[in-house]
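Dear colleague,

I am passing on the structure below, together with an account of what turned up when I went through it. Please read the notes with the coordinates open beside them.

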Amino acid sequence: MSGAAAAPEPTVPTGASWPVRLSTHLWNPGGADGQVLLLHGLGSDGATWWRVASHLADRGYLVAAPDLRSHGGSPAAVDHRLATLAHDVAGVGRAWDLVVGHSLGGAVAAELLTRSDVEVGAALLIDPVLVLAEADRERVRLAQRADVGDLDRTAVAAAHPRWASADVDRKILAAARCAPATVDAVIAHNPAWDLTARAASWRTRVHLLAADPAAGALLAPETAARLTDGVQVTGTSVAGAGHSVHRDDPAAVLAAIDELLEGST
C-alpha cells in the first residue's frame with residue numbers, strides 16, 4: 001500500500017442515516033452484574049479488547065464489543081459520519097453501566113452520550129479523537145492508511161515494544177479486515193471534526209484518559225483542559241503511553257475502569 005495515495009473526494013453523505021447490524025463480540029453473555037460496551041478505534045475491531053473484556057467478565061459483567069461498520073465482520077457501508085456510527089452502536093443496546101471508547105471509538109462514544117434513547121452510567125474515553133484540525137487531517141489519514149491492510153508482524157512488534165504478543169496478533173488480524181478506503185471515508189465524511197460542543201449534552205460521568213503528549217497523544221492537553229470540570233468530566237494522562245493506552249499500559253486502563261464502576265454503584 002502506498003503512503004502517497006491520493007486524497008479522496010470530500011463527498012459528505014447527506015440525509016438521514018440508516019443503521020447496519022454490527023457484528024458484536026460478547027464475553028460472559030449471562031453476566032448478571034451489569035453491562036459494558038467497548039468501542040474500538042479506526043482500523044481495529046472488537047476482538048482487540050480481549051484483555052479489558054476478560055477483566056470485566058471476571059467481575060461478572062456482560063461485555064459487548066461491536067465491530068464498527070466497514071470494520072471486522074460488520075457490513076461495509078457508504079456513510080461514515082460519526083453520528084451514523086453512533087446510530088449503529090445504539091442498536092447493540094440501550095442501557096450500559098459503562099461505555100469505553102478508544103480513538104475513533106471515543107468519538108463515537110462522545111456522540112452516543114448525547115442520545116436520549118441510550119442510558120449510560122459512566123464513560124471512559126481513551127485518547128479520544130474529539131478534535132481533528134484541518135491542518136492534521138491529511139497527516140492522520142496517511143498514518144491511519146498505513147496502519148490497515150496487510151501488516152508485517154515484525155514491524156508492528158518493533159513499533160510497539162510495550163504491547164503483549166496477543167495485542168500484536170489481534171492488531172494484524174483487525175487491520176487485514178479494514179480497507180484503506182474506510183480510512184479515507186471516515187476522514188472525508190467528517191469535515192468539521194470537533195466534538196467539544198457535544199460535551200455540554202453529556203448526561204453522565206466521563207473520564208478522559210489521554211496518552212502521553214510526548215508519545216503521540218491525539219487528545220490534546222488543551223482540549224482535555226477545556227472539557228474537564230473536575231466533577232462530571234475528569235481527565236488524566238498516562239505517562240509514557242502511546243495512543244493505544246490500553247495496549248501500552250493496560251494496568252492504568254483497568255484501574256480507571258474499576259474506579260468508574262465503583263463510583264457508579
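**Helix H3 and its surroundings**

The buried residues of helix H3 are covered by elements that include strand S2 (35-39), helix H2 (82-90), strand S5 (98-102), strand S7 (122-126) and helix H7 (180-188). Please keep in mind throughout that this is a predicted model. Nine of the nine residues of H3, which spans residues 104-112, are buried, so this helix is largely enclosed by the rest of the structure. The buried set runs through Leu-104, Gly-105, Gly-106, Ala-107, Val-108, Ala-109, Ala-110, Glu-111 and Leu-112, and thus includes a glutamate, Glu-111.

**The nonpolar cores**

In soluble globular proteins, nonpolar side chains tend to be buried together. Here the largest nonpolar core has 46 residues, and within it Leu-104, Trp-193 and Leu-208 have the most contacts. Two or more residues of this core come from each of S2, H2, H3, S7, H7, strand S8 (205-210) and helix H8 (221-227), and the largest share, six residues, is that of H3. Leaving aside residues up to four places away in sequence, Leu-104 touches His-40, Gly-41, Leu-42, Leu-68, Leu-82, Leu-85, Val-129, Val-186 and Trp-193. Apart from this core lies another, of 27 residues, which includes Ala-57, Val-100, Ile-126 and Ala-256.

**Helix packing**

Three helix pairs deserve a look in turn.

H2 and H3 pack at an angle of about 75°, their axes being 8 Å apart; the two helices are therefore roughly perpendicular to each other. On the H2 side the contact is made by Leu-82, Ala-83, Leu-85, Ala-86, Val-89 and Ala-90, which meet Leu-104, Ala-107, Val-108, Glu-111 and Leu-112 in H3. By class, this contact of H2 with H3 has 10 nonpolar residues, no polar ones and one charged.

For helix H4 (residues 137-145) and H7, the packing angle is about 160° and the axes are 9 Å apart, which makes H4 roughly antiparallel to H7. The crossing of H4 and H7 is right-handed. From H4, the residues Arg-137, Val-140, Arg-141, Gln-144 and Arg-145 meet Pro-180, Ala-181, Val-183, Asp-184, Ile-187 and Ala-188 in H7, and the contact divides into six nonpolar, one polar and four charged residues. Seven of the nine residues of H7 are buried, so H7 too is largely enclosed by the rest of the structure. Those residues are Thr-182, Val-183, Asp-184, Ala-185, Val-186, Ile-187 and Ala-188, and the buried residues of H7 pack against both H3 and H4.

Helix H1 (residues 50-58) and helix H10 (residues 250-263) pack at an angle of about 40°, with 11 Å between their axes, and H1 passes H10 in a right-handed crossing. Here Arg-51, Val-52, His-55 and Leu-56 in H1 meet Pro-250, Val-253, Leu-254, Ile-257, Asp-258 and Leu-261 in H10, a contact made up of seven nonpolar, one polar and two charged residues.

**Individual residues to inspect**

Arg-247 is found in helix H9 (residues 245-248), and its relative accessibility of 6% means that Arg-247 counts as buried, the cut-off being under 20%. Not counting residues up to four places away in sequence, Arg-247 touches Ser-44, Thr-48, Arg-162, Trp-163, Asp-167 and Lys-171. Arg-247 and Ala-166 are 81 residues apart in sequence, while their C-alpha atoms are 9.9 Å apart in space.

Two further positions concern the backbone. Most residues other than glycine have a negative phi. Ser-70, in the loop between strand S3 (62-66) and H2, nevertheless has a positive phi, near 65°, and at 9% relative accessibility Ser-70 counts as buried. Asp-127, in the loop between S7 and H4, also has a positive phi, of about 40°, although it is not a glycine; Asp-127 is buried, with a relative accessible area of 0%.

With best wishes

Terms used. Residues are numbered from 1 along each chain as its sequence is written. This is a predicted model: local features need pLDDT of at least 70, side-chain atom pairs count only at pLDDT 80 or more; totals for chains, interfaces and linings use all residues. Side-chain values use heavy atoms; hydrogens and water are left out. Buried means under 20% relative accessible area, exposed over 50%, partly exposed in between (1.4 Å probe, protein chains only). Helices (H or I, at least four residues) and strands (E, at least two) are DSSP runs, numbered from the N terminus. Contact means heavy atoms within 4.5 Å. A nonpolar core is a set of buried Ala, Val, Leu, Ile, Met, Phe, Trp, Tyr and Cys residues joined through side-chain atoms within 4.5 Å. Axes are lines fitted to C-alpha atoms, for helices over the stretch in contact, and angles run from 0 to 180 degrees between N-to-C directions. A crossing is left-handed if the near helix is turned anticlockwise from the far one by less than a right angle, and right-handed if clockwise. Ala, Val, Leu, Ile, Met, Phe, Trp, Tyr, Cys and Pro count as nonpolar, Asp, Glu, Lys and Arg as charged, and the others, Gly among them, as polar. Angles under 35 degrees count as roughly parallel, over 145 as roughly antiparallel, 65 to 115 as roughly perpendicular and the rest as oblique.
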